[in-house]
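Colleague: I would like a close look at a single part of this model, explained slowly enough for a first-year student. Please take one residue and its surroundings, and then place that part in a wider setting.

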Amino acid sequence: MRALGWSQCDIIIVTGDAYVDHPSFGMAIIGRVLESHGFKVGIIAQPDWRSTEDFARLGAPRLFFGVTGGNMDSMVNRYTADRRVRSDDAYTPGGVAGKRPDRCVIVYSQRVREAFKTVPIVVGGIEASLRRIAHFDYWSDQVRRSVLVDAKADLLVYGNAERQIVALAQRLDAGEALSSITDLRGTSFLRRGLPEDWIEIDSSELDTPGPLAPPVDPYADEAGRLAAQPPAAQVTAAKVAAAQDAAGRAPAAHQVVRFFRKVPNAARERSVIRIPSFEQVSEDAVLYAHASRILHLESNPGNARALVQRYGNAEVWINPPPIPLSTADMDAIYELPYARRPHPTYGDARIPAYHMIRFSVSIQRGCFGGCTFCSITEHEGRIIQSRSEDSVIREIETIRDRVPGFTGVVSDLGGPTANMYRLHCKSAAVESACRRPSCVFPGICPNLNTDHAPLINLYRRARALKGIKKVLIASGVRYDLAVESPEYVKELATHHTGGYLKIAPEALADGPLSKMMKPGVGAYYKFKELFEKYSKAAGKEQYLIPYFIAAHPGTRDIDMLELAIWLKKNGFRADQVQAFLPSPMATATAMYHSGKNPLRRITRASEEVVVPKGTRVRRLHKAFLRYHDPENWPLLREALRRMGRADLIGNGQQHLIPAYQPVGVRAPGSGAPGSRAPSLRAPGSRAPARPIRTQHTGLPKSGTASPGLKNRSKRSRAGRVGQR
């Protein structure tokens with residue numbers, strides 16, 4: 001601040017990540033965007049939360065403190081899907097773990113409030129964004145309040161938030177009180193009571209039989225018929241009538257009064273949906289699923305309405321999502337003067353997350369896939385926001401010319417998904433009115449433009465740049481979209497795959513796939529056929545790396561067994577696997593907690609979802625993905641016998657797992673630490689062939705094979721499987 005000649009910052013951002021001035025880091029984008037609008041911005045990165053000292057280093061900001069957990073949710077960052085503490089943190093210098101607290105948005109906000117009692121606090125980032133309403137917290141196994149309430153913040157901004165954070169800063173700078181700023185899209189705040197000019201749609205209960213309204217006298221006048229209705233209907237009807245008058249429509253001469261669950265389109269902007277209160281969803285998992293369904297239905301900026309949820313005497317009000325950024329907006333944001341490297345105070349310390357993305361370029365935001373285990377839609381939205389080709393090309397040139405260590409290889413041109421660049425609804429009117437959670441499930445919407453030509457042109461321009469040797473695609477490819485454009489698959493296989501391409505079937509059985517909102521395995525086979533065809537035509541030996549999730553809601557033991565058999569048949573062996581992690585606000589998390597399916601209307605009698613819960617069943621589902629690991633064999637033998645599939649236990653190629661246990665290998669959790677399991681190998685039986693090598697352990701050089709693999713097919717020898 002002294003070097004800049006500042007006496008005070010306008011805004012101070014507190015973040016749980018190390019500070020990297022790169023457009024892949026949210027706090028860098030927000031800081032640079034605010035700076036471009038003339039504000040003085042300070043950043044406090046990874047402060048010591050045990051005291052207020054670090055939080056007070058820059059003094060009090062003139063406008064507000066912005067608090068974020070960083071690029072990742074702090075609980076996901078610190079704990080695995082099995083609730084074990086991670087040993088590292090990719091967003092910390094040296095990858096050191098433990099540099100941020102659990103639920104750091106809450107903790108940081110508390111420390112800021114201790115240091116500066118009267119300065120406004122605005123919370124944002126993905127941790128706050130996905131906790132804007134009452135949410136199931138997997139780590140404590142209970143429903144927690146909105147982070148706005150627990151952090152005692154003045155305002156919550158959700159989504160990427162550039163537009164609302166700039167508007168907020170400008171209005172505060174103009175002298176407007178924060179408490180009066182209640183009309184910004186993409187924000188949430190506490191208020192008491194409903195404004196008089198708003199229509200409330202009460203959806204705090206499920207539709208259940210109730211007392212009938214008294215019969216209406218057909219000879220009564222309008223006032224008499226209205227008086228005969230329940231009080232709630234009287235109030236709602238009066239507000240709807242007022243909205244109709246405001247819209248310029250005269251009320252009908254004769255009107256039947258009923259309880260309104262819907263309001264005219266003219267009144268949508270002044271209507272709010274009351275979802276079940278925190279107390280209700282805490283005690284009733286079915287109401288939790290109902291609230292989750294409403295939230296996801298109200299996610300399209302074109303038709304979403306405000307939501308309100310009661311917390312005791314206060315109410316959390318959530319405004320509709322922000323309007324998507326234009327291409328010009330996206331270009332302006334990503335072409336701000338980022339240093340594109342970590343802050344110099346870190347010296348030579350390696351920040352793993354930065355090293356992973358320093359040569360990559362974000363070309364779009366948003367995802368219309370709607371996968372229920374993913375929260376991208378709830379954070380970035382389902383409408384794709386793309387940059388221009390020229391902007392992307394300029395960023396590649398900047399990387400080439402300015403980023404240390406660049407060797408000519410662009411590590412990724414992508415985003416949440418590799419191949420949604422410039423894909424959009426064919427009709428703006430249809431897009432604005434649509435309430436589907438996915439544009440590609442159960443099939444690709446006929447209104448969706450799936451033309452990959454702009455993306456193909458971008459790839460060709462990028463690799464034609466002087467000094468660019470290779471442009472790789474590391475973001476996950478949505479293969480059901482890719483097969484709509486064989487030319488794109490050809491381009492991908494011929495020029496942009498470095499030996500392996502990751503795609504995510506996630507499951508094979510209809511049960512889990514329907515709960516994930518993922519395409520069937522037929523789309524995978526069609527993509528595989530095209531990819532192998534074009535790889536062969538290019539003279540390349542390349543392989544697909546499929547990703548799968550264990551223990552997802554809707555998954556039965558038999559589904560995982562069938563997947564394990566498929567993996568073995570196709571020569572895939574997983575190095576690492578990941579069980580489903582119920583992240584806040586995801587639709588699949590509502591399934592996990594409630595056992596109901598929020599993809600359909602929720603009632604007490606609505607569809608029940610099979611949920612693999614508990615350590616043992618989750619461990620079993622992971623074991624099926626790693627069927628080749630001897631440590632999993634005892635658990636799998638027990639399960640196969642229980643399932644009546646003991647025929648899969650044996651020492652032949654047709655068996656899933658052998659009948660013996662190698663010397664020194666025991667099942668996890670069995671026996672004393674360091675103990676060696678007795679050998680169960682049949683007398684005279686041969687030791688198993690050396691494990692197939694994978695992308696993590698290294699593959700044999702082309703044209704060579706280890707002795708135990710010489711008789712195996714080239715496809716099986718190179719088989720491998722990834723897992724998130």
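**A close look at Gln164**

Modeller: In this predicted model, the backbone oxygen of Gly186 lies 3.1 Å from a polar atom of the side chain of Gln164. Gln164 itself is found in helix H6, which covers residues 162-173, and it counts as buried because its relative accessibility is 4%, where buried means under 20%. Leaving aside residues up to four places away in sequence, Gln164 touches Val157, Tyr158, Leu184, Arg185, Gly186, Thr187 and Pro322, so that Gly186 appears both in this list of contacts and as the owner of the backbone oxygen just described.

Turning to the wider setting, the largest nonpolar core has 111 residues, and the members that touch the most others are Leu168, Ile396, Leu413 and Phe527. Phe527, with residues up to four places away in sequence again not counted, touches Val477, Tyr479, Ala482, Val483, Val489, Leu492, Leu501, Ile503 and Leu544. A second core, separate from that one, has 63 residues, including Phe55, Val143, Phe373 and Ala579.

The cysteines deserve a word as well. A disulfide is a covalent bond between the sulfur atoms of two cysteines, and a search of the whole structure finds zero of them. For Cys367, the closest cysteine sulfur is that of Cys371, and because the distance is 6.2 Å, it is too far for a bond. Cys367 is buried, with a relative accessible area of 10%, and Cys9 is buried too, at 1%.

Terms used:
Residues numbered from 1 in each chain as written. Predicted model: local features only at pLDDT ≥ 70, side-chain atom pairs only at ≥ 80, totals over all residues. Heavy atoms only, no water. Core = buried A, V, L, I, M, F, W, Y, C linked by side-chain atoms within 4.5 Å. Buried < 20%, exposed > 50% of the residue type's maximum accessible area, 1.4 Å probe, protein only. Contact = heavy atoms within 4.5 Å. Helix = DSSP H or I, 4+ residues; strand = E, 2+ residues; numbered from the N terminus. Polar contact = N/O pair within 3.5 Å; in protein donor to acceptor, adjacent residues only side chain to side chain. Disulfide = S-S within 2.5 Å.
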